[in-house]
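The following exchange examines how terms are assigned to a structure from computed values. Each answer sets a value beside its definition.

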Amino acid sequence: MAAKLALNKSSLAKESAQLAEYKRFLPSLELKRLQIMAERAKARETASRLDREYAEEFRGLAHALPMLANKQVPLDGLVSLKDVVRGEQNLSGTRLPTLEDIEVETEPYSLLARPHWVDAYVEGMQKLLRLNLERDVARERIDRLVEAEAVISRRVNLFEKVLIPQAERNIKKIRMALADAERDAVVRAKISKRKTAARGAETRVAEI
């Protein structure tokens with residue numbers, strides 16, 4: 001249960017300070033949300049580009065090397081991923097993955113034992129491995145950015161629709177109560193003054 005609002009000057013000062021803090025903090029949240037939205041759009045463009053590049057590389061490899069269908073040439077395990085070096089980017093408090101480097105391992109093979117087109121296959125598979133990892137990182141960045149934007153949007157809504165309006169209502173209520181109290185004090189003072197004057201007049205009449 002929320003604490004009852006105190007209708008005094010101390011409470012007014014507290015609510016005014018909170019309102020000023022909310023209004024000072026809100027623009028930084030808005031800026032953070034805009035940065036996240038811009039990076040999210042950029043990440044989606046990057047993911048789309050990588051999808052196209054992967055599809056084009058795959059089609060190009062299949063078109064250039066129709067002999068891949070020849071099962072008599074063993075290719076399994078010829079190209080494999082040995083190591084992946086991932087990094088991290090901090091964007092306004094949101095940690096985003098980056099792909100720093102990859103290490104692809106190629107099993108040694110005899111140029112005499114395997115057809116010449118195996119070299120093109122190895123090169124193409126290395127490109128596809130890297131593109132696929134870049135696509136994974138791009139998708140992960142999008143997921144994290146979407147989540148971060150949702151969190152920031154909730155905070156912005158909290159400030160805009162709850163905290164700031166509530167503080168403004170509290171300040172208005174306190175000021176009205178203080179104004180009423182001040183008017184009541186003035187009225188009481190006037191009444192007291194009139195009563196004092198009346199008693200003084202009665203005393204003077206009695207003395208006469």
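Q: Why is R135 called buried?
A: Buried means under 20% relative accessible area, exposed over 50%, and partly exposed in between (1.4 Å probe, protein chains only). R135 has a relative accessibility of 14%, so the residue counts as buried. The model is a predicted one, in which local features need pLDDT of at least 70 and side-chain atom pairs count only at pLDDT 80 or more, while totals for chains, interfaces and linings use all residues. Residues are numbered from 1 along each chain as its sequence is written, and side-chain values use heavy atoms, with hydrogens and water left out.

Q: What makes the contact of R135 with D51 a salt bridge?
A: A salt bridge is a side-chain nitrogen of Lys or Arg within 4 Å of a carboxyl oxygen of Asp or Glu. The closest N and O atoms of R135 and D51 are 3.2 Å apart, so the pair meets the rule. R135 lies in helix α2 (residues 118-207) and D51 in helix α1 (residues 9-64), with their positions 84 residues apart in sequence. Helices (H or I, at least four residues) and strands (E, at least two) are DSSP runs, numbered from the N terminus.

Q: Why is D51 called partly exposed?
A: The relative accessible area of D51 is 32%, a value between the two limits, and therefore D51 is partly exposed. D51 also belongs to a network of salt bridges that links it with R135, D136 and R139.

Q: How do you know that E140 and R86 form a salt bridge, and which parts of the chain does the pair tie together?
A: The closest N and O atoms of E140 and R86 are 2.9 Å apart, so the pair satisfies the salt-bridge rule. E140 is in helix α2 and R86 in strand β1 (residues 79-91), so the pair ties together parts that are 54 residues apart in sequence. E140 has a relative accessible area of 24% and is partly exposed; R86, at 44%, also counts as partly exposed.

Q: What makes R130 and D101 a salt bridge, and how are the two residues classed by accessibility?
A: The N to O distance is 3.4 Å, so the side chains of R130 and D101 meet in a salt bridge. R130 sits in helix α2 and D101 in strand β2 (residues 94-106), 29 residues apart. The relative accessible area of R130 is 29%, which makes it partly exposed, and D101 counts as partly exposed at 40%. By this rule the count comes to 16 salt bridges.

Q: Why is V122 called buried?
A: V122 has 8% relative accessibility, so the residue counts as buried. V122 is placed in helix α2. Across the chain, buried residues make up 25% of the 208 residues.

Q: What makes a set of residues a nonpolar core, and which residues have the most contacts inside the largest one?
A: A nonpolar core is a set of buried Ala, Val, Leu, Ile, Met, Phe, Trp, Tyr and Cys residues joined through side-chain atoms within 4.5 Å. The largest such core has 23 residues, and I36 and L145 have the most contacts inside it. Helices α1 and α2 each supply at least two residues of this core, and α2 gives the most, with 12 residues.

Q: Which residues does I36 contact, leaving aside its neighbours within four places in sequence?
A: Contact means heavy atoms within 4.5 Å. With those neighbours left aside, I36 is in contact with L91, T94, L145, A148, E149 and I152.
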